[in-house]
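Subject: Structure for you to look at

Dear colleague,

I am handing over the structure we spoke about, and below it you will find what turned up when I went through it. Please keep the structure open beside this message while you read.

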Amino acid sequence: MPQDSATAASGPGEESAFLLACRRRPVPHTPVWFMRQAGRSLPEYREARAGIPMLEACARPDLVVEITMQPVRRYAVDAAIFFSDIVVPLKAIGIDLDIKPGVGPVIADPIRDAAAVDRLRPLEPGDVPFATEAVQALTGELGGTPLIGFAGGPFTLASYLIEGGPSKTHDRTKAMMYGEPELWARLLDRLADIAAAYLKIQVEAGARAIQLFDSWVGGVGPEDYRTSVLPHSRKIFEALAPYDVPRIHFGVGTGELLGLMGEAGADVVGVDWRVPLDEAVLRVGPGKALQGNLDPAILFAPWDVIADRTRDVLARGRTAEGHVFNLGHGVLPTTDPDKLARLVDLVHEESAR
């Protein structure tokens, strides 16, 4: 769709196709960025991170800037995603955790009782000075390309803290949610405050949009989500409302939750590859943009298959009030970066016609 006079800039990056699409306004082309676009699929990332543990990398502003910028230099993406991890704010408030290669976040003392919940203190800007410094530096480096800040959603953070690490079944997590609803609500309320504080810090330093990654919330049914998760996600989005930046909400396996995720307050609802975008439009309802949703595994297929599937996603995305092209989850570690570069160009060329 052509740009019109409504695209006048009100700040750095305001004219970007990404921000326009998030706000459901006319765009010159469908914007595209990729979850995990900065990461293991890039040889320059592996070189920069060599011998440096993940949490140390996240706390070094120079490295955060370099890694965030790597895909922006390599691809013509319409947005950058802040290089960090959802457990960074938990580490910053004193939770004894580590990110173990091949495993993920591991918590030394899982949170399973009221005393442990009470030890979760609020996050202050002084806990994460490296985040402020890195975002400010990135704002200067990126110019008109918007930076997306992010935080982990309350269910996902709770699951890591309760289980002590990644879980496929979230059995201890759900046991607390079902069996100790008051303790569960206290835990998620504190986690919502921590996530909101981390997002505010990033926005105040210059991030132009935010994404809440509630990666594992797809393990919850709609009624339990409405009762036990949605109020806490809503609290996060409401805390960011005064900043007037687009708010994106994403989870994996959340096809049955898409409408509720929008109801929580997101401006943009992320859709994984399991639900076609034209169907997602019906589930989410009016007044929201959508983000997604090419299967990351498609990038291992021949190029003609990738191109056909990409055109299909774009066609279905045209039924939405706004569409940000993305994968249905993060870039897989062995993805060929050249295919991602070609994919960005294809999205821009096809959608600008």
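Is Thr 132 buried, partly exposed or exposed? Its relative accessibility is 22%, and because buried means under 20% and exposed means over 50%, Thr 132 counts as partly exposed. Please bear in mind throughout that this is a predicted model.

Thr 132 belongs to helix α7, and, once residues up to four places away in sequence are set aside, Thr 132 touches Ile 201 and Ala 205. Pro 89 is 43 residues from Thr 132 in sequence, and the C-alpha atoms of these two residues are 13 Å apart in space.

The helix itself, α7, runs over residues 129–142, and its 14 residues reach 20 Å from the first C-alpha to the last, which is close to the 20 Å expected at 1.5 Å a residue. Its buried residues are Phe 130, Ala 131, Ala 134, Val 135, Leu 138 and Leu 142. Seen down the axis of α7, these buried residues fall within an arc of 125 degrees, so they line one face of the helix. Several elements cover them, including α4 (61–74), β4 (147–152) and α10 (181–205). After α7 comes Gly 143, which has a positive phi, near 65 degrees.

In helix α10 you can also find Leu 183, which counts as buried at 9% relative accessibility. Leaving out residues up to four places away in sequence, Leu 183 touches Arg 112, Asp 113, Ala 114, Val 117 and Met 176. Ala 108, by contrast, is 75 residues from Leu 183 along the chain, and the C-alpha atoms of the two are separated by 20 Å.

Another helix to look at is α12 (residues 230–240), whose buried residues are Leu 230, His 232, Ser 233, Ile 236, Phe 237, Ala 239 and Leu 240. These residues pack against α8, α10, β5, α11, β6 (247–250) and α13 (258–263).

Next comes the largest pocket, which has a volume of about 1,400 Å³. It is lined by 45 residues, and those that lie nearest its centre are Arg 36, Arg 40, Met 54, Asp 85 and Ile 99. Two or more lining residues come from each of α2, β2 (97–100), β3 (104–107) and α8 (154–163), and the largest share, 3 residues, comes from β2.

Which residues does UniProt list under "binding site"? The record, an unreviewed entry, places this feature at Arg 36, Gln 37, Ala 38, Gly 39, Arg 40, Asp 85, Tyr 160, Ser 215 and His 329. They span 294 residues in sequence, and the farthest two C-alpha atoms are 23.5 Å apart, so they do not all gather at one spot. The lining of the largest pocket nevertheless takes in Arg 36, Gln 37, Ala 38, Gly 39, Arg 40, Asp 85, Tyr 160, Ser 215 and His 329 from this set.

Two residues of that set can be placed in loops. Gly 39 lies between α1 (17–22) and α2 (43–49), and it is buried, with a relative accessible area of 7%. Ser 215 sits in the loop between β5 (209–213) and α11 (222–228), and Ser 215 is buried as well, at 12% relative accessible area. Neighbours within four places in sequence aside, Ser 215 is in contact with Thr 156, Phe 250, Gly 251 and Val 252.

With best wishes

Methods:
Residues are numbered from 1 along each chain as its sequence is written. This is a predicted model: local features need pLDDT of at least 70, side-chain atom pairs count only at pLDDT 80 or more; totals for chains, interfaces and linings use all residues. Side-chain values use heavy atoms; hydrogens and water are left out. Helices (H or I, at least four residues) and strands (E, at least two) are DSSP runs, numbered from the N terminus. The expected span of a helix is 1.5 Å times one less than its number of residues. Buried means under 20% relative accessible area, exposed over 50%, partly exposed in between (1.4 Å probe, protein chains only). The arc is that of the directions from the helix axis to the C-beta atoms. Contact means heavy atoms within 4.5 Å. UniProt positions are given in the numbering used here, feature names are shortened, and annotations may be inferred rather than shown by experiment. On a 1 Å grid over the protein atoms alone, a cavity is a set of points where a 1.4 Å probe fits but cannot get out, and a pocket is an open set with protein on both sides within 12 Å along at least five of seven lines; lining residues have an atom within 4 Å of a point. Grid points are joined across faces, edges and corners, and a volume is the space filled by probe spheres set on the points.
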